[in-house]
Amino acid sequence: MLLKARSCGIQYVTRLELAFTKSSFHNMPCEVAARFLILYGSQRGQAQSIAEEICQQAAEHGFTADISCLSNQHKYNVDREIRPVVFVVSTTGDGDPPDTAHKFVRKIKNKSLVHDHFSHLRYALLALGDTNYANFCNGGKTIDSRLQQLGAKHFYATGHADDGTGLEVVVDPWIEGLWDALKKIFSSMSSSNQQSADLSDCTQDNYHKNASGQEKNKSGLEVDLQLLKLSEVDSQKGKTITSDSSDVETLSTALVASLKQSVPPLSESVLNVPALPASYLEVCLEQVSTEGETVPSDKDGYREVSISKAVQLTQDDAVKNAILLELDISEQSIAYQPGDAFDILCPNRASEVEELLLRLDLQTQKNCAVQVNLLKNSSKKAAKVPLHIPQSGSLQFILTWCLEIRSAPKKAFVRALADFTQNGSEKRRLLELCSKEGSADYNSFVRDTNVCLLDLLRAFPSCLPPLSLLFEHLPKLQPRAYSAASSSLQHPGKVHFVFNVVEFPACPEHPARTGLCTGWLADHVSSILRPLGTVPASEHLGTSSQPKVHVRPRPSSTFHLPADPSIPVVMVGPGTGVAPFIGFLQQREKEREANQEATFGETWLFFGCRHKDKDFLFREELERFEHNGTLSHLIVCFSRDEPDAAGTVNTPTYVQHNLRLHAKNVASILLKNKGSLYVCGDAKNMAKDVNDTLLEIIGNELQIDKLDAMKIVAGLREEKRYLQDIWRFRYSSGKYA
């Protein structure tokens with residue numbers, strides 16, 4: 001059933017595996033309805049998107065799926081659910097379930113539930129996480145383990161998808177294997193006519209088999225998924241589309257792959273591309289006045305505050321430009337503690353919005369009011385108008401404040417864009433990027449390089465997507481979170497935070513640009529920015545002349561100083577990771593002044609930066625804390641400075657090296673004195689290195705192996721005595737982007 005295009009040797013095949021699935025499924029006993037339930041817990045929309053993709057694909061495989069967010073407990077009842085259930089759950093914070101899953105988790109953790117409470121439940125679970133953070137996939141693992149404790153049984157192996165390497169690496173094969181697992185569970189339920197059969201092992205091999213590319217259907221016919229390729233599939237009819245020779249251009253023979261072109265073997269491969277996502281939105285532009293819109297409304301708890309001070313904390317020749325902002329919150333009655341963070345609303349770049357409008361030929365309609373409705377007769381299950389797109393807002397307002405136009409397009413978006421691309425070679429390249437065979441290219445040229453929609457439209461000029469496609473696929477523009485770098489005891493009515501202006505140098509995939517929020521903030525305060533070491537002007541700007549920003553407090557449940565001030569603390573915060581600890585020490589300084597007879601535990605701060613004279617943030621304040629006894633030990637290192645004149649050997653380069661030098665003190669504080677360890681900063685490298693060093697310290701001090709050391713560290717986390725506030729530098733996720 002292989003078909004070959006007549007021109008450039010591209011091969012197309014029909015979706016054999018779909019035919020096999022349907023034919024074998026239709027031979028099932030008819031008394032079992034092929035309906036299952038999908039429940040998702042999503043923090044920023046990824047789990048929801050994957051759940052909706054599973055729901056959409058279900059019909060292609062002969063199933064009917066119902067879908068609900070875990071927060072909508074009135075729409076489902078797992079206590080009595082006899083259908084198979086598929087969970088898709090993300091992880092947030094320090095390994096916590098997403099906010100939308102909190103009620104569900106509390107419910108199933110009820111200690112009054114008997115051990116066989118969920119013995120009727122057959123389920124599969126896909127957990128999303130990021131190995132750059134501690135407690136990988138812990139949101140999903142928490143639900144999975146509790147369901148198992150209460151008697152629920154897997155009908156398919158749990159998947160753990162890593163956003164650090166690309167969710168699709170696990171998600172795609174997991175979804176592929178799900179359909180055969182569902183066939184088996186329905187068949188078993190039908191033949192036995194009971195739900196008590198233990199099916200926990202029936203699909204373990206199936207998942208791994210699909211991940212490796214092999215599948216065997218009920219008739220015994222073995223299918224090599226590597227041979228089942230297609231380039232363009234009509235998702236509605238499930239048929240192969242062949243290309244006329246006049247529509248296909250000769251592929252580039254350049255030896256270097258890029259965003260725009262591939263090289264053999266990919267350029268000569270047949271492609272297995274995802275099904276075309278179903279359209280579900282209808283967008284109309286109305287010629288009515290929408291002038292006066294500036295920022296989103298004050299719903300969701302955001303307050304407009306003035307930026308009363310902006311100070312550059314680094315020298316001009318430092319590698320990174322760090323800026324401290326002071327916000328005046330005196331008129332807003334906003335309370336916070338050191339360790340809390342603040343969400344900042346930031347807009348997309350005006351220049352990028354204008355370019356996008358021009359590229360879509362909508363520049364003259366930017367002030368038109370937007371009306372968004374569901375498309376009639378859409379095949380998308382549970383379709384709804386995105387809540388973050390306001391009705392009757394102007395097009396320019398929505399593109400500026402509501403949609404994350406900097407986000408890296410997901411494969412489903414790339415697949416949809418291909419259908420609106422006229423040039424044959426450009427279309428082929430977009431199909432390659434969203435295909436299984438092109439996963440490495442997608443990661444290299446889209447995901448890892450932070451390519452956004454505008455970059456794709458620049459690279460593929462014949463791509464002309466409708467506005468509705470953008471509204472369907474672009475995620476909500478998320479606020480950016482910044483840790484408070486102050487204490488309200490020290491600065492009443494004010495809050496400080498500090499950030500590096502994130503810079504992304506020019507590369508073949510995109511021009512040079514700064515981080516969305518950090519770059520905007522730097523531009524926003526340029527009129528009041530005070531260089532390092534300069535004396536502030538005697539006159540002050542009136543609040544009406546000060547830059548404004550919309551903020552919302554984001555309290556932390558755990559990242560605070562111990563309630564008992566006698567407990568010793570160790571703080572690890574290189575670079576801007578020192579921010580919350582400045583707040584900690586300001587708080588402790590004021591507490592010491594007010595309670596001179598009280599006992600206060602030791603405070604250790606491990607700080608690091610590149611150069612002592614260029615980017616030693618808060619140097620004077622930290623040295624003051626050390627001088628007056630607020631900070632017991634200030635341990636610093638400078639990774640790029642040359643060794644001193646004495647030729648010191650093995651000078652500590654990074655914070656983990658200084659932790660090793662003070663291993664006995666650190667171990668004594670944590671193990672004997674029941675102290676607390678706080679880590680703030682980069683998740684990808686620093687936090688991992690500090691964690692590895694902590695394992696080494698505990699292992700050496702207690703003379704135990706790594707596994708036992710890991711158990712002790714896990715205990716510290718469980719007791720909330722090892723706390724992290726860490727982030728990843730990505731465009732659409734992580735702090736400070």
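Before anything else, one definition: a helix axis here is a line fitted to C-alpha atoms over the stretch in contact, and the angle between two axes runs from 0 to 180 degrees between their N-to-C directions. Keep that in mind, everyone, as we'll use it twice. And please remember throughout that this is a predicted model.

Let's put the definition to work straight away. Find helix H15 and helix H16, which covers residues 619–628. Their axes come within 11 Å and cross at roughly 35°. The crossing is left-handed. Which residues make the contact? From H15 we have Ile582, Leu585, Gln586, Glu589 and Arg592, and from H16 we have Glu621, Leu622, Arg624, Phe625 and Asn628.

Now pick one residue out of that list and zoom in: glutamine 586. This glutamine sits in H15, which runs over residues 579–594. Is glutamine 586 buried or exposed? The cut-off for buried is under 20% relative accessible area, and glutamine 586 has 1%, so this residue counts as buried.

What does glutamine 586 touch, if we skip its neighbours within four places in sequence? Some contacts are in H16 territory, namely Glu621 and Phe625. The others are Ala485, Ser486, Ser487, Gln490 and His491. One partner deserves a second look, because the side chains of glutamine 586 and glutamate 621 are joined by a polar contact of 2.8 Å.Stay on H15 for a moment and move along to glutamate 593, which is also placed in this helix. At 46% relative accessibility, glutamate 593 counts as partly exposed. Now find threonine 630. Glutamate 593 and threonine 630 are 37 residues apart in sequence, and their C-alpha atoms are 9.9 Å apart in space.

Next, our second helix pair. Helix H9 spans residues 411–418 and helix H10 spans residues 424–434. The axes of these two come within 8 Å and cross at roughly 160°. How do the two helices run relative to each other, parallel or antiparallel? Angles over 145 degrees count as roughly antiparallel, so H9 is roughly antiparallel to H10. H9 passes H10 in a left-handed crossing.

On the H9 side, the residues that meet H10 are Lys411, Val414, Arg415, Leu417 and Ala418. Facing them in H10 are Lys427, Leu430, Leu431, Leu433 and Cys434. How many residues of H9 are buried? The count is 7 of its 8, which leaves H9 mostly covered. The buried ones are Lys411, Phe413, Val414, Arg415, Ala416, Leu417 and Ala418.

Let's look at a strand now. Glutamate 304 is in strand S14, residues 303–312. Its relative accessibility is 43%, so glutamate 304 counts as partly exposed. Which residues does glutamate 304 touch, not counting those up to four places away in sequence? They are Gln332, Lys548, Val549 and His550. Take the pair of glutamate 304 and glutamine 332: they are 28 residues apart along the chain, with 8.6 Å between their C-alpha atoms.

On to the loops, where the backbone gives us a few things to point at. Between strand S17, residues 369–374, and helix H8, residues 395–401, there is a loop that holds asparagine 377. The phi angle of asparagine 377 is near 65°, a positive value in a residue other than glycine. With 81% relative accessibility, asparagine 377 counts as exposed.

Serine 392 is found in the loop between S17 and H8 too. Phi of serine 392 is near 70°, again a positive value in a residue other than glycine. Serine 392 has a relative accessible area of 37%, so this serine is partly exposed.

One more loop residue: proline 265, between strand S12, residues 239–240, and strand S13, residues 281–286. Look at the peptide bond leading into it from proline 264. This bond is cis, with omega near 5°.

Finally, let's step back to the whole chain. There are 20 helices and 28 strands. Of the 737 residues, 53% count as buried. The accessible surface comes to about 32,800 Å², and 49% of it belongs to carbon and sulfur atoms.

And how do contacts spread along the sequence? Among contacts between residues at least 6 apart in sequence, 78% join residues at least 24 apart. We met one example in glutamate 304, which touches Gln332, a residue 28 places away along the chain.

If you take one picture home, let it be glutamine 586: buried at 1% relative accessibility, with its side chain in a 2.8 Å polar contact with that of glutamate 621. Thanks for listening!

Technical notes:
Residues are numbered from 1 along each chain as its sequence is written. This is a predicted model: local features need pLDDT of at least 70, side-chain atom pairs count only at pLDDT 80 or more; totals for chains, interfaces and linings use all residues. Side-chain values use heavy atoms; hydrogens and water are left out. Helices (H or I, at least four residues) and strands (E, at least two) are DSSP runs, numbered from the N terminus. Buried means under 20% relative accessible area, exposed over 50%, partly exposed in between (1.4 Å probe, protein chains only). A polar contact is a pair of N or O atoms within 3.5 Å; within protein, one must be able to donate a hydrogen and the other to accept it, and residues adjacent in sequence count only if both atoms are side-chain atoms. Contact means heavy atoms within 4.5 Å. Accessible areas come from the Shrake-Rupley method with a 1.4 Å probe; for residues, only the protein chains shown count as cover. Angles under 35 degrees count as roughly parallel, over 145 as roughly antiparallel, 65 to 115 as roughly perpendicular and the rest as oblique. A crossing is left-handed if the near helix is turned anticlockwise from the far one by less than a right angle, and right-handed if clockwise.
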